[in-house]
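Biologist: Hey, can you walk me through this protein? I'm new to reading structures, so plain words please.

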Amino acid sequence: MARPIKFTLSVLLACAAVHTILPPITASNSAYPSSYGLETTTDDLIPVRREVYGDGRIFDISHRYHPDMPNWGSSDGIGQFLWLPYSMKNNSEANNSQMKLPTHTGTHVDAPGHVFDHYFDAGFDVDTLDLEVLNVDFSGKQKKMKALIVLLVCTELLSSALSSADDAYPTGYGDEGACLNNIGNLRPERREVYEGGEIIDITHPFTPETPVGTPDGIGEYLTLLLSMKNGSDYNFSELKIPVHSGTHVDAPGHMYDHYYDAGFDIDSLDLRVLNGPALLIDVPRDKNLTAEVMKSLNIPRGVKRVLFRTLNTDRRLMLKKEFDTSYVGFMKDGAQWLVDNTDIKLVGIDYLSVAAFVDLIPSHLVFLESREIILVEGLKLDGVQPGIYTVHCLPLRLLGAEGSPIRCILIK
Ligand SMILES: [Zn+2]
Ligand SMILES: [Zn+2]
């Protein structure tokens, strides 16, 4: 196994090196549509798009989504993938986009159900993928190697299973493989806490009942464009969701239309803010997040990321499809207090909006004005001990979007 591992690592390093020598993409060399307004902005309103961060400790190796991005089986690229049903130019109080993407577009991941229909039927979807395999560098070299080996074994078994003629249906390709232990009974394991809390998934899974600001939830959000039951060689879905549903992140363009026009979209968010040490704290359950409450929390200077757990978690609001306006969030004075008296740049909360419903717009405006604070909403914080963690939050690189689904995990 030594050689393939070495090869994989060197490919990864080579990719990283390529990214290092590319200049940061700015408005001036962006090939992207002027409809996003990048060319009409003044110098002080140009978003910085980074893929390598100053100290070289973060490399973004995902491609950004844009209309010319290649699309499997098509010569036209993915085309339009964002719509703006609620636009501030049409007197909405906020910009609210919808996204639609084939799930195998751009930088993406395959689940077992992609090419095995019985796995598809049994629920081996992307929500069952092992976060220890996808995030391997936290608990020592041994574990890292083990994860790589498991990944390679699986890959090899998969490719040999695929190439071994037309054996119709493989009868389970890996009685011997460590990666396949739980496939025998065809029941996927869905984990949110790994190995006593090394990794905690604080993202809600998308379901038709995932809440958005309506009575019905997001509804059917996946369409199976190509199905093995209809003779296709693989299953291939399309995803359609409002970008502010479920666990998601807001960009400055969500409630400032001149930021929207200037391109302060999800792709411009700072990954150094979205990844790093974070505090998870409980707030008093009987009130909104006011200045008084914020002051009482005594959050020390220097703390940059805080996830606020509120009554919303106790009430399990994210598990109810009906939008509930009685949720708890920041009042304008609480937001202002945080901006003026703390160093917090990442604000996380456990319902669809960081702002209380009665101060929905004003609180957002206070947070988003500087374009330095990132708001992560709809986090899944039940059952997690308050304390210090490392948070990793990664949004999709949706060019032009003022919101995006985001995957957040805590690592101890
Ligand atoms: Zn939002
Ligand atoms: Zn928001």
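Modeller: Here is a chat about how confident the model is, how its strands pair and what lies inside.

Modeller: This is a predicted model, where local features need pLDDT of at least 70 and side-chain atom pairs count only at pLDDT 80 or more, while totals for chains, interfaces and linings use all residues. Residues are numbered from 1 along each chain as its sequence is written, and chains are lettered from A and ligands numbered from 1 in the order in which they are written.

Biologist: What's the mean pLDDT of the protein?

Modeller: The mean is 84, and 78% of the residues reach 70 or more. pLDDT is the predictor's confidence in each residue, from 0 to 100.

Biologist: Where does pLDDT stay under 50?

Modeller: Residues 1–41 stay under 50, and the model gives them 41 contacts beyond four places in sequence. The pLDDT is also below 50 over residues 156–183, with 18 contacts beyond near neighbours in sequence. A contact means that the C-beta atoms of two residues, placed from the backbone, lie within 7 Å.

Biologist: OK, new topic. How many helices and strands are there?

Modeller: There are 10 helices and 13 strands. They are DSSP runs numbered from the N terminus: H or I over at least four residues for helices, E over at least two for strands.

Biologist: Why is strand 13 called largely enclosed?

Modeller: Strand 13 spans residues 403–411, and 7 of its 9 residues are buried, so the rest of the structure largely encloses it. Buried means that 20 or more other C-beta atoms lie within 10 Å of the residue's own, with C-beta atoms placed from the backbone; exposed means 12 or fewer, and partly exposed is in between.

Biologist: And which strands pair with strand 13?

Modeller: Strand 12 (residues 387–395) runs antiparallel to strand 13, joined by 6 bridges, and valine 391 stands opposite leucine 410 there. Strand 4 (residues 199–201) also pairs with strand 13 in the antiparallel sense, over 3 bridges, with isoleucine 199 opposite isoleucine 411. Strand 7 (residues 248–250) is another antiparallel partner, again with 3 bridges; histidine 248 has proline 405 as its bridge partner. Pairing here means that DSSP finds at least two bridges between two strands.

Biologist: What else does strand 7 pair with?

Modeller: Strand 7 pairs with strand 11 over 3 bridges in the antiparallel sense, where valine 249 stands opposite valine 376.

Biologist: Are the faces of strand 11 covered or open, then?

Modeller: Both faces of strand 11 (residues 374–377) are covered, with Ile374 and Val376 buried on one side and Leu375 and Glu377 buried on the other. Strand 10 (residues 346–349) pairs with strand 11 in the parallel sense over 3 bridges.

Biologist: Which helix goes with strand 10 and strand 11 in a β-α-β unit?

Modeller: That's helix 10 (residues 360–368), and the unit is right-handed. Right-handed means that, with the strands pointing away from the viewer, the path from the first strand over the helix to the second runs clockwise. Buried residues of helix 10 pack against helix 9, strand 10 and strand 11.

Biologist: Last one: which residues have the most contacts inside the largest nonpolar core?

Modeller: They include Ala278, Phe367 and Val376, in a core of 72 residues. A nonpolar core is a set of buried Ala, Val, Leu, Ile, Met, Phe, Trp, Tyr and Cys residues joined through C-beta atoms within 7 Å. Valine 376 touches, among others, Val249, Leu346 and Cys408.
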